[in-house]
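Let's take a walk through this structure together, starting with some strands and ending with the empty spaces. Have the picture handy as you read.

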Amino acid sequence: MTAKKIRVAVTRKLPAPVEARLSDLFDAVLHDGDAPLSPAALVQRARDADVLAPTLGDRLDAAFFDAAGDRLRLVANFGAGVDHIDVAAANARGVTVTNTPSVLAEDAADMAMALILAVPRRLVEGVRALETGDFHGWSPTWMLGRRVRGRKLGIIGLGRVGEAIARRAKAFGLSIHYHNRTPINPHIEEELGATYWDSLDQMLARVDIVSVNCPHTPATFHLLSRRRLELLQPQAYVVNISRGEIVDEDALASMIEEGRLAGAGLDVYERGAPSEKLLKAPNVVLLPHMASATVESRIEMGERMIINIKMFADGHKPPDRVILGLDDGRLPKAG
């Protein structure tokens, strides 16, 4: 099977340079629309391809792999997260799964840092005040936010993205605290001036801002539960650019509304889009899943995906295979 003959089916519209490269290297079946395929259409596209290139919006569960047929050999995910793919079911049918790690870290960290600054300093509220005509001149007591410098930032999951956030936050004068299953490399920990917390509960009780940066797994669903959110101080903020399911969104919205938390900056949501309760909550900055939304990032994701497909087509192991059970210690502890 040569690279020229391998059929690659794409499930969403991708950046033009990525689509051009796919068409040049493979028998590429592209998708003109920007809406997710129906489950039936997704199965049909997979049945007619050697490689499926899905995105976050495509749920590939065990039933999908049962229906996909025997031709499909590789799922080359356009994205780092694979919680929408049943990797075990894929492997059981002899299908390899790859992703695109690393390329999102810097852009995602920029967005997290933007939220860390925007929420305490009430940037979005200030913009709204100008747009609605509520600004009537400077006042000593109007639109007061909170200073960021000198605050304690608690990072849940200090992996690639978490480390990039920590470097930015340190430059803004925040002290770095983190919770992983195991500590990071001591040299990096020393460079960041980071404090490791074996207990997530103890860290939450002592930090001013929490940044969620771990993948969604059964163990991390509602990792920030109501009980854990109640450990935070009333002046604390929650920032999440990772996965919405990690935070109990209803509890978060209620606590902000009740004044038991100072606010939140969110780019991801438990149900895909923010709830009405969250939209009405005060002191929140809500973004439409923009953390990786740069031209450079999306093209690099495509390039990484193509490398995986090309290596597979040439009979080699793709560099970004998703291996079940691989644990580097950066995940938080369950419970």
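What follows is a short tour of some strands, two cavities and a pocket.

One thing to keep in mind as we go: this is a predicted model. With that said, let's begin close to the start of the numbering, with strand β1, which covers residues 7-10. Look for its partner β2, made of residues 27-29. The two run parallel, and 3 bridges hold the pairing together on paper. How does the chain get from β1 to β2? It goes through helix α1, residues 16-25, and the β-α-β crossover made this way is right-handed.

Now find β3, at residues 51-53. This strand pairs with β1 too, again in the parallel sense and again over 3 bridges. A good spot to see both pairings is A9. On the β2 side, A9 has V29 as its bridge partner, while in β3 the partner of A9 is L52.

Next, let's turn to the gaps. As a bit of background, rolling a probe the size of a water molecule over the atoms shows where empty space is left. How many cavities of 30 Å³ or more turn up in the whole structure? The search finds 2.

The largest cavity holds about 50 Å³ of space. Its lining is made up of A118, V119, R122, L123, V124, E125, R128, N283, V284 and V285. Two elements, α6 (123-131) and β12 (284-286), each give two or more residues to that lining. Which of them gives the most? That's α6, with 4 residues. By class, the lining of this cavity splits into 6 nonpolar, 1 polar and 3 charged residues.

The second largest cavity has a volume of about 30 Å³. To find it, look for N240, G244, V247, E249, L252, L266, V268, Y269 and E270, the residues that line it. Here the classes come out as 5 nonpolar, 2 polar and 2 charged.

Our last stop is a pocket, the second largest one, with a volume of about 180 Å³. Its lining has 14 residues, and those nearest the centre are R122, R146, Y237, A262 and N283. You've met R122 and N283 already: they also line the largest cavity. Sorted by class, the residues lining this pocket are 7 nonpolar, 4 polar and 3 charged.

Notes
Residues numbered from 1 in each chain as written. Predicted model: local features only at pLDDT ≥ 70, side-chain atom pairs only at ≥ 80, totals over all residues. Heavy atoms only, no water. Pairing = 2+ DSSP bridges. Right-handed = clockwise from strand over helix to strand, strands pointing away. 1 Å grid on protein atoms, 1.4 Å probe; cavity = no way out; pocket = protein on both sides within 12 Å on 5 of 7 lines; lining within 4 Å. Points joined across faces, edges and corners; volume = space filled by probe spheres on them. Nonpolar A, V, L, I, M, F, W, Y, C, P; charged D, E, K, R; others polar.
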